[in-house]
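Me: Please give me a close look at a single part of this protein, starting from one side chain and its surroundings. After that, I would like to see how it fits with the rest of the chain.

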Amino acid sequence: MTAAPDRMPLDRAFFDRPVLEVAPELLGRILVRTTPEGPIELRITEVEAYAGEKDPGSHAFRGRTERNASMFGPPGHAYVYFIYGMWFSLNLVCGPEGTASGVLLRGGEVIKGADLARPRRPKARHDRELAQGPARLATALDVDRSLNGTDICAGPGAPLSVLRGAPVPTDRVRNGPRTGVGGAGATHPWRFWADGDPTVSPYRAHVPRDRSKRGQRQAGA
């Protein structure tokens, strides 16, 4: 039986494009997280683009390291990082292999498997808050560093995959500065979201941290 068009997976060619093309086109797509307890499906409503060595806000701005190696490809893989010693964030790698770029998944609506996500997010007052923000999204979907480098185009049964879903119409896509990014990357309007969607997280400007304690951190991928 042929899958319905919205249930067809995105192929690697979708991700093998410039990050600023991929990022807004991910809105409305369906992220599938396959867990031992069952699948969780998330309609993506908010993302941020990070352009690697050309982007002061990116983890890869200063080049390749053991931590960010997944960002350098191949496209269609996951880059998962640990931040503030507490949370994980999920990014989808795009662009040609050897270059570093990725899309941070900032928010979405859990459309299947909410019963699996709720115990992981006991502080969520409503289901719209289950994945409202990148750390909440990763927590709700049980994403951690063990999924770093996962091939999201591997096919059925993969831990992570993305279905075509129903892309958000271009006239409903909004963009603005990325959340929490400071310095030279602060004004890049590379955060994209579905206008009026209740699962989109509130924008927060960068707040400098005490360099004497932890040093400045970069907010995205």
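Reply: Let's start with Asn68, whose side chain reaches the backbone nitrogen of Thr65 at 2.8 Å. That is a polar contact, meaning a pair of N or O atoms within 3.5 Å, where one must be able to donate a hydrogen and the other to accept it, and where residues adjacent in sequence count only if both atoms are side-chain atoms. Before going on, please keep in mind that this is a predicted model, in which local features need pLDDT of at least 70 and side-chain atom pairs count only at pLDDT 80 or more, while totals for chains, interfaces and linings use all residues. Residues are numbered from 1 along each chain as its sequence is written, and side-chain values use heavy atoms, with hydrogens and water left out.

Asn68 belongs to the loop between β2 and β3; helices here are DSSP runs of H or I with at least four residues, strands are runs of E with at least two, and both are numbered from the N terminus. Its relative accessible area is 1%, so Asn68 counts as buried (under 20%; exposed is over 50% and partly exposed lies in between, with a 1.4 Å probe and protein chains only). Beyond its neighbours within four places in sequence, Asn68 is in contact (heavy atoms within 4.5 Å) with His59, Ala60, Gly63 and Tyr79.

Further along is His77, in the loop between β2 (38–50) and β3 (78–83). His77 counts as buried because its relative accessibility is 13%. Two backbone oxygens approach polar atoms of its side chain: that of Pro74 lies 3.2 Å from one, and that of Pro75 lies 3.3 Å from one. Setting aside residues up to four places away in sequence, His77 touches Arg12, Asn91, Leu92, Val93, Gly149, Thr150, Asp151 and Ile152.

Arg12 in that list leads to helix α1 (residues 12–15), which holds Phe14. The C-alpha atoms of Phe14 and Gly76 are 8.2 Å apart in space, although the two residues are 62 apart in sequence. Phe14 has a relative accessible area of 9%, so it is buried. Leaving out residues up to four places away, Phe14 touches Val22, Glu25, Leu26 and Arg29.

Gly149 to Ile152 lead in another direction, to the loop between α4 (134–140) and β6 (160–163), where Asp142 sits. Asp142 is partly exposed because its relative accessibility is 31%. Its phi is near 55°, a positive value in a residue other than glycine. Most residues other than glycine have a negative phi. Gly155 is found in the loop between α4 and β6 as well, and its 25% relative accessibility is why Gly155 counts as partly exposed. The C-alpha atoms of Gly155 and Asp11 are separated by 9.2 Å, with their positions 144 residues apart along the chain.

Late in the sequence comes Ser201, in the segment after β8 (191–194). Ser201 is buried, with a relative accessible area of 5%, and a polar contact of 3.1 Å joins its side chain to that of Arg106. Apart from neighbours within four places in sequence, Ser201 is in contact with Glu46, Arg106, Gln132, Gly133 and Arg191.

Now for the whole chain. The protein has 4 helices and 8 strands, which run α-α-β-β-β-β-β-α-α-β-β-β from the N terminus. Of its 221 residues, 52% count as buried. Among contacts between residues at least 6 apart in sequence, 64% join residues at least 24 apart.

The radius of gyration is 16 Å, which agrees with the value near 17 Å for a compact globule of 221 residues; this is taken over C-alpha atoms, and the globule rule is 2.2 Å times the number of residues to the power 0.38. Along the principal axes, the C-alpha atoms fill a box of roughly 55 × 40 × 35 Å.
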